Amino acid sequence: MNDQQLLRYSRHILLDQIGIEGQQKLLAARALVIGAGGLGSPAAMYLASAGVGQITLVDNDTVDLTNLQRQIAHTTERVGQPKAESARQTLGQINPEISVIALNERADEARLHALVAEADVVLDCTDNFATRHAVNRACVALGKPLVSGAVIRFDGQISVFDPRSGTQPCYSCLFPQDQKFEDVACSTMGVFAPLVGVVGAMQAAEALKLLMDVGTSLAGRLLMLDGLYMEWTSIGVARNGDCPVCGGCAA
Ligand SMILES: [Zn+2]
């Protein structure tokens with residue numbers, strides 16, 4: 001690190017659990033952020049400010065006026081622009097020293113596999129179950145840690161699925177693929193703006209911890225937030241031995 005970097009990251013370096021060694025891990029790390037909306041905005045902005053060396057943003061949507069109430073990486077003047085590109089501009093303004101790759105596309109299974117393969121940590125910031133399951137399958141197949149967040153109305157949830165452990169559940173253990181979950185879109189249900197910030201920032205925190213291998217991750221736990229009463233509930237999540245995604249490789 002040069003003098004400017006030592007200054008930029010000094011408040012991380014002061015932390016015993018991070019120090020220069022941890023910060024260098026972040027600078028060498030690659031994060032994949034799928035979705036540049038309500039969760040992806042704060043998640044990617046903190047990854048960028050914290051110095052994650054390469055951030056890949058995937059989103060096929062464009063910025064809409066209705067997004068600006070909560071998707072803080074975007075601005076009024078960028079309405080109509082691709083979200084991935086808009087977020088890339090914001091991240092570049094926060095930290096021009098990192099590499100940000102903006103992919104304006106909806107990644108299919110094969111594409112997700114290729115993108116996950118090149119990442120050290122994956123953040124699921126999407127809003128539909130089909131993509132969530134596809135991301136999970138790729139992470140299990142490739143042994144990559146997945147930080148999953150979701151928010152609707154006044155409710156949020158976050159967990160980590162870490163297939164490297166060999167004992168922790170995957171996303172499908174918790175939400176089976178054959179189970180019919182209704183996709184409840186923000187466009188019809190509404191969402192309380194700061195909750196995506198709360199959950200998205202926590203996704204960044206978990207991703208940074210995983211990249212530096214500090215602390216204890218949320219693997220095996222699901223945190224649920226009731227934003228109206230501002231109460232957190234933590235539940236243990238066990239691996240499903242019959243899970244078609246991760247069960248076959250159970251030891
Ligand atoms: Zn599983």
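Which element gives the largest share of the lining of the largest cavity? Keep that in mind while you go through these points; the model is a predicted one.

1. Start with helix α4, which covers residues 40–49. Eight of its 10 residues are buried, so you can think of α4 as mostly covered, with buried here meaning under 20% relative accessible area.

2. If you want to find those buried residues on screen, click through Gly40, Ser41, Pro42, Ala43, Ala44 and Met45, then Leu47 and Ala48.

3. What do the buried residues of α4 pack against? Their partners include three strands, β1 (30–34), β2 (54–58) and β4 (121–124). Two helices are on the list as well: α5 (83–94) and α10 (193–212).

4. Have a look just past the helix, too. Gly51 follows α4, and its phi is positive, near 95°.

5. Now for the empty space. Searching the whole structure turns up one cavity of 30 Å³ or more. The volume of the largest cavity is about 40 Å³.

6. Back to the opening question: the answer is β6, which brings four residues to the lining of the largest cavity. Both β5 (146–152) and β6 (155–161) supply at least two lining residues each.

7. Here is who lines the largest cavity: Ser148, Gly149, Ala150, Gln157, Ile158, Ser159, Phe161, Tyr171, Phe175 and Leu222. How many of the lining residues are nonpolar, polar and charged? Six are nonpolar, four are polar, and no charged residue is among them.

Notes. Residues are numbered from 1 along each chain as its sequence is written. This is a predicted model: local features need pLDDT of at least 70, side-chain atom pairs count only at pLDDT 80 or more; totals for chains, interfaces and linings use all residues. Side-chain values use heavy atoms; hydrogens and water are left out. Buried means under 20% relative accessible area, exposed over 50%, partly exposed in between (1.4 Å probe, protein chains only). Contact means heavy atoms within 4.5 Å. On a 1 Å grid over the protein atoms alone, a cavity is a set of points where a 1.4 Å probe fits but cannot get out, and a pocket is an open set with protein on both sides within 12 Å along at least five of seven lines; lining residues have an atom within 4 Å of a point. Grid points are joined across faces, edges and corners, and a volume is the space filled by probe spheres set on the points. Ala, Val, Leu, Ile, Met, Phe, Trp, Tyr, Cys and Pro count as nonpolar, Asp, Glu, Lys and Arg as charged, and the others, Gly among them, as polar.
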